[in-house]
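The following report describes a ligand site, the empty spaces in a protein model and the setting of a few chosen residues. The sequence and the structure come before the discussion.

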Amino acid sequence: MIKTITVLGAGTMGYGIALNFALAGYEINLFDVLPQALDNALVNARKALRVMVEEDLHTEEEGEKALAGIRLFTDKTAACAEADLLMEAMPEKLQLKQNTFVELDAVCKPECIFASNTSSLKLTDICAPLPQSRKSRSVVTHYFNPAHLIPLVELLPHPDAPVSVLEEVEAVYRRSGKITIRVLKDINGMIGNRIQAAISREALWLLENGYCSEKDLGRAMAFGPCFRYATTDYLEILDMGGLDVWNAVLNLLYKDINNSTDVSALLKSKAAAGEHGWKTGRGFYSYDEQTKAQVMERFLLNLTRQLKASEDYAF
Ligand SMILES: NC(=O)c1ccc[n+]([C@@H]2O[C@H](COP(=O)([O-])OP(=O)(O)OC[C@H]3O[C@@H](n4cnc5c(N)ncnc54)[C@H](O)[C@@H]3O)[C@@H](O)[C@H]2O)c1
């Protein structure tokens with residue numbers, strides 16, 4: 001029975017993961033090598049909660065209880081010794097994740113499940129130096145940012161893990177209000193990430209080649225395909241449109257849409273020019289601190305409202 005969850009890394013993903021579990025009533029130990037990251041995590045969690053409370057997703061009391069339930073640690077052993085589930089959200093570096101798991105294998109209880117939020121590394125590589133007993137209690141739990149609001153968590157167990165391990169993790173997410181999917185075979189980028197990558201190839205190509213403006217690209221997605229994909233089973237949407245029609249349309253369009261294996265030239269040039277988006281103040285758009293705060297406020301508000309609406313989407 002999972003009671004205590006330790007989250008390693010309190011950055012972009014870690015604070016939201018910790019907050020989501022804390023709201024579900026789990027005991028949370030949040031560890032980071034940087035004390036400043038832990039302080040920031042609490043500030044971010046508080047901001048996130050404010051919007052959720054204002055939108056009636058949680059009461060103020062629930063929010064305060066959740067925050068009080070997140071214990072901050074800079075001592076790794078103390079943070080992990082009692083964990084039933086260990087969730088790493090550390091930088092995407094194979095050796096760091098491997099070394100940390102090996103170190104913690106000696107510290108954690110034998111039954112503790114090791115989970116990684118990796119976006120691109122293979123679980124079998126991360127777990128390669130671990131003893132068999134721990135490999136068989138390991139799983140990828142892949143979130144989307146912001147982790148406390150995006151419902152999906154993609155699950156990929158280690159090939160040596162029995163289905164009971166996956167079921168234990170699924171039970172935790174059910175209690176936490178998340179939607180999980182099982183990735184049935186080991187694949188780079190899981191499911192949602194691969195779809196996201198495929199969308200970006202065509203979207204950036206259309207922009208780069210002058211077929212639409214930046215703003216209209218966003219509108220085309222949000223108020224077109226993504227509007228219905230967010231509400232209804234994807235294959236049901238195909239069925240409603242008619243598979244004969246989809247067949248004919250895709251037969252024509254697949255020959256025409258971008259199939260480059262190279263990253264978009266526009267994206268490449270921006271990355272090379274140091275236009276990294278929020279981090280540098282300039283990406284596709286320009287940002288000062290005030291603009292960033294406004295964009296984040298709207299993002300969290302809209303996602304919170306969408307999360308509430310999605311409670312009625314039964315699929
Ligand atoms: N950012 C995203 O949108 C996103 C989405 C899905 C998955 N991921 C994955 O989640 C993981 C974390 O990504 P992030 O964006 O939160 O990174 P981040 O850089 O924002 O946060 C990483 C945190 O880990 C801490 N850290 C560094 N070394 C550590 C150590 N030895 N032990 C514990 N903590 C340590 C850092 O101080 C930092 O606070 C990565 O594997 C990433 O691929 C990220």
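How many nonpolar, polar and charged residues does the shell around the ligand have? By class, this shell has 11 nonpolar, 8 polar and 3 charged residues, where Ala, Val, Leu, Ile, Met, Phe, Trp, Tyr, Cys and Pro count as nonpolar, Asp, Glu, Lys and Arg as charged, and the others, Gly among them, as polar. The model is a predicted one, in which local features need pLDDT of at least 70 and side-chain atom pairs count only at pLDDT 80 or more, while totals for chains, interfaces and linings use all residues. Residues are numbered from 1 along each chain as its sequence is written, and side-chain values use heavy atoms, with hydrogens and water left out.

**The ligand site**

The ligand is surrounded by 22 residues, of which Met13, Asp32, Glu92, Lys97 and Ser119 are the closest; a residue is near a molecule if one of its heavy atoms lies within 4 Å of it. The table gives polar contacts between side chains and oxygen atoms of the ligand, a polar contact being a pair of N or O atoms within 3.5 Å.

| Residue | Partner | Distance |
|---|---|---|
| Asp32, polar side-chain atom | oxygen atom of the ligand | 2.7 Å |
| Lys97, polar side-chain atom | oxygen atom of the ligand | 2.8 Å |
| Ser119, side-chain N or O atom | oxygen atom of the ligand | 2.7 Å |

Taken alone, the ligand exposes 830 Å², and the protein buries 76% of that area, as computed by the Shrake-Rupley method with a 1.4 Å probe.

**Pocket and cavity**

Rolling a probe the size of a water molecule over the atoms shows where empty space is left. On a 1 Å grid over the protein atoms alone, a cavity is a set of points where a 1.4 Å probe fits but cannot get out, whereas a pocket is an open set with protein on both sides within 12 Å along at least five of seven lines, and lining residues have an atom within 4 Å of a point. The second largest pocket holds about 340 Å³ of space, and among its 16 lining residues Arg201, Ser260, Asp262, Val263 and Ser264 lie nearest its centre. Helix α9 (192–208) and helix α14 (265–272) each supply at least two residues of this lining, and α9 gives the most, with 7 residues; helices here are DSSP runs (H or I, at least four residues), and strands are runs of E with at least two. The lining of the second largest pocket divides into 7 nonpolar, 5 polar and 4 charged residues.

The structure holds 1 cavity of 30 Å³ or more. About 80 Å³ of space lies in the largest cavity, which is lined by 13 residues, with Leu121, Lys122, Ile187, Gly189 and Met190 the closest to its centre. By class, that lining has 6 nonpolar, 5 polar and 2 charged residues.

**Helix α1 and single residues**

Of the 10 residues of helix α1 (residues 14–23), 9 are buried, so the helix is largely enclosed by the rest of the structure; buried means under 20% relative accessible area, exposed over 50%, and partly exposed in between. Among the buried residues of α1 are Tyr15, Ile17, Leu19 and Phe21. Gly25 follows α1 and has a positive phi, near 95°.

Val153 lies in strand β7 (residues 152–157) and counts as buried, at 0% relative accessibility. Gln306, in helix α15 (residues 289–310), is partly exposed with a relative accessible area of 40%, and its C-alpha lies 9.9 Å from that of Thr231, although the two are 75 residues apart in sequence.

Terms used: Polar contact = N/O pair within 3.5 Å; in protein donor to acceptor, adjacent residues only side chain to side chain. Points joined across faces, edges and corners; volume = space filled by probe spheres on them. Buried < 20%, exposed > 50% of the residue type's maximum accessible area, 1.4 Å probe, protein only.
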